[in-house]
Amino acid sequence: EAQKESRGFQTEAKQLLHLMIHSLYSNQEIFLRELVSNASDAADKLRFEALSTPELIANDADLKIRIEFDKEAGTLTIADNGIGMSRDEVIENLGTIARSGTGKFLEQLTGDQKKDSHLIGQFGVGFYSAFIVADKVDVFTRRAGASASEGVHWECHGEAEYTIENAEKDSRGTTVVLHLKEDAREFADGWRLRSIIKKYSDHIALPVEMLKEAAPAMGEEGEEKAEDAAPEYEVVNAAKAMWTRPRSEVTAEEYKEFYKHIAHDFEDPLAWSHNKVEGKLDYTSLLFIPSRAPFDLYQRDAARGLKLYVQRTFIMDDAEQFLPLYLRFVKGVLDSNDLPLNVSREILQNDRNIDAIKSALTKRVLDMLGKLASKDAEQYAKFWDLFGNVLKEGPAEDFANKEKVAKLLRFSSTHTDNAKQDQSIEDYVSRMKEGQDKIYYVCADNFATAKSSPYLEVFRKKGIEVLLLSDQIDEWFVGHMNEFDGKQFQDVAKGALDLGEAETEEDKSAREEAEKAAEGLVERVKGVLESRVDEVRVSTRLTESPACLVVSEHDMGPQMRRILEQAGQ
Ligand code: ADP
Ligand code: MG
């Protein structure tokens, strides 16, 4: 086992590596953010394990990151004393891309560098970004609790293979050595590194240290002194958990960088909300709305939830107990002062305080979205495109906030006849006709079909607006929504049509005449269709089409039927 072993990357990892190197080229400096971010995660993990196994951390409790460089050799070293990795963990974490859906992700790539580099972000291939600037990367690591002889050396030239061997390491943690490419040597520079760390890693709670740079030598004496003294390090970032700072002191840039760190995302968030709550419960929350949907948004087992801290100590990722499922796109941090440090997922599930926090955070998110909608229509439209269908799960899951969620929903309607979903239910209600007491909608497989539905004819004629629903979830959603502001939702394709307006004498005699004239026809149609329909009747709902099929009031709609058919029912 101690022997040097050469291993190939998974095909997919290879492809990603290639992409990483070529498509992120325009923003080289982000490699440092990714490596610092990993070191910070490693420190969090160690602190967490040390809660139950204090000896893991005891002899070296001062967790930190050290960054050093050698201009002559063209190397850059990022060392941490965090959790480290065992040999198996190195293979697992640096040699494969274990996440499901990698193949699907690669299919989405467009070849357009800019778009693809955005896609990469959601993949969290952070470590590989080292190869943007390095043509060779060495990783020396030793798992907390392992002995010096269990150290591991991983080496890779950014191509199809890497090697791994056991190597003595005298301290816990991970050291990454980058051998800078000829055109990336500029990064072996103290000033440059400090400014990158300030820019991207100021919010990292772990101190990032660099050697104090001696001022230009003053004379013989000064130089000698510097040689004798032990190297002196200084902390170059703020090194304070960002969410503990007052809102007024945190800049938008800092919030954005912090989001990228915790969400493993490359892109800025759409919105955030930072709150400190004191009183019966004592906690701080910092919640973000991402500007891109993860590829596994609809996968049941996908990771979701907040990063949980207890009194500034990291406890777990993906604590899903603090938000309802229909807000699963939200990322963020919750730092509680009430929960015990040894809190587990199981305890979370049975703690009454959690429900109180969950309901408060739900309101925060809904308010944040409401604010975004009223403040910035363009950004809200972006949000809606990404997560609108998830939000539509809200009325079914969260009865208490039904109206609040409903106000955040956006639809296509005959008011604009546009596929863009940008009309709110409140907009609709404000345009309702005198005497109209229902919210009308039509459901179809796609927008074009919905828009040209024959059921709409009479509504168009009378100038009554109809919502055009064509998302898979819509029929199910409308079933749970049921009503808004005391107004029932009514499917225009279902049951008898009652437009809520009195029939005039004129209308009535016209209808009776039509019914009489068509009596023979109705009988013949009934005869032909026999048991396949419940009823055939003369209708005023059509103005151009000769006939239409109507589902009776309590039957399932066509979309719902199809969903059940697909599910094999
Ligand atoms: P991510 O950080 O999104 O998980 P990365 O590609 O940045 O993805 O890192 C992959 C994995 O490698 C990490 O999840 C972690 O398990 C491991 N890793 C990377 N850097 C370190 C480090 N400095 N210390 C310990 N483990 C690390
Ligand atoms: Mg990372």
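Let's start with one pair of residues in this predicted model: Lys 276 has Thr 284, in strand E11, as its bridge partner. That pair belongs to a run of 7 bridges that joins E10 to E11 (residues 283-289) in the antiparallel sense. As a reminder, strands in a sheet pair through backbone hydrogen bonds, and they can do so either parallel or antiparallel.

Now zoom out a little. E10 and E11 are part of an open sheet of 5 strands, and if you walk across it you meet E10, E11, E14, E12 and E13 in that order, with mixed pairing. Strands E10 (271-277) and E13 (313-319) sit at the edges with a single partner strand each, so each has one side without a neighbour in the sheet. On average, and ignoring direction, neighbouring strands here are turned by 15° against each other.

Next, look at the helices that go with this sheet. H9 (residues 252-263) lies across E10, E11, E12 (306-310) and E14 (331-336), and its run makes an angle of about 90° with E14. Helix H11, spanning residues 352-375, lies across E10 and E11, running at about 40° to E11.

Further along the chain, have a look at strand E19 (residues 487-491). It pairs with E16 (residues 438-443) in the parallel sense, over 4 bridges, and within that pairing Ile 439 has Phe 489 as its bridge partner. E19 also pairs with strand E18 (residues 483-484), this time in the antiparallel sense over 2 bridges. Here Glu 483 stands opposite Gln 488. E18 and E19 make a hairpin with 2 residues between them, and in that turn Asp 485 has a positive phi of about 55°.

How values were computed. Residues are numbered from 1 along each chain as its sequence is written. Chains are lettered from A and ligands numbered from 1 in the order in which they are written. This is a predicted model: local features need pLDDT of at least 70, side-chain atom pairs count only at pLDDT 80 or more; totals for chains, interfaces and linings use all residues. Two strands pair if DSSP finds at least two bridges between them. Axes are lines fitted to C-alpha atoms, for helices over the stretch in contact, and angles run from 0 to 180 degrees between N-to-C directions. Two residues are in contact if their C-beta atoms, placed from the backbone, lie within 7 Å.
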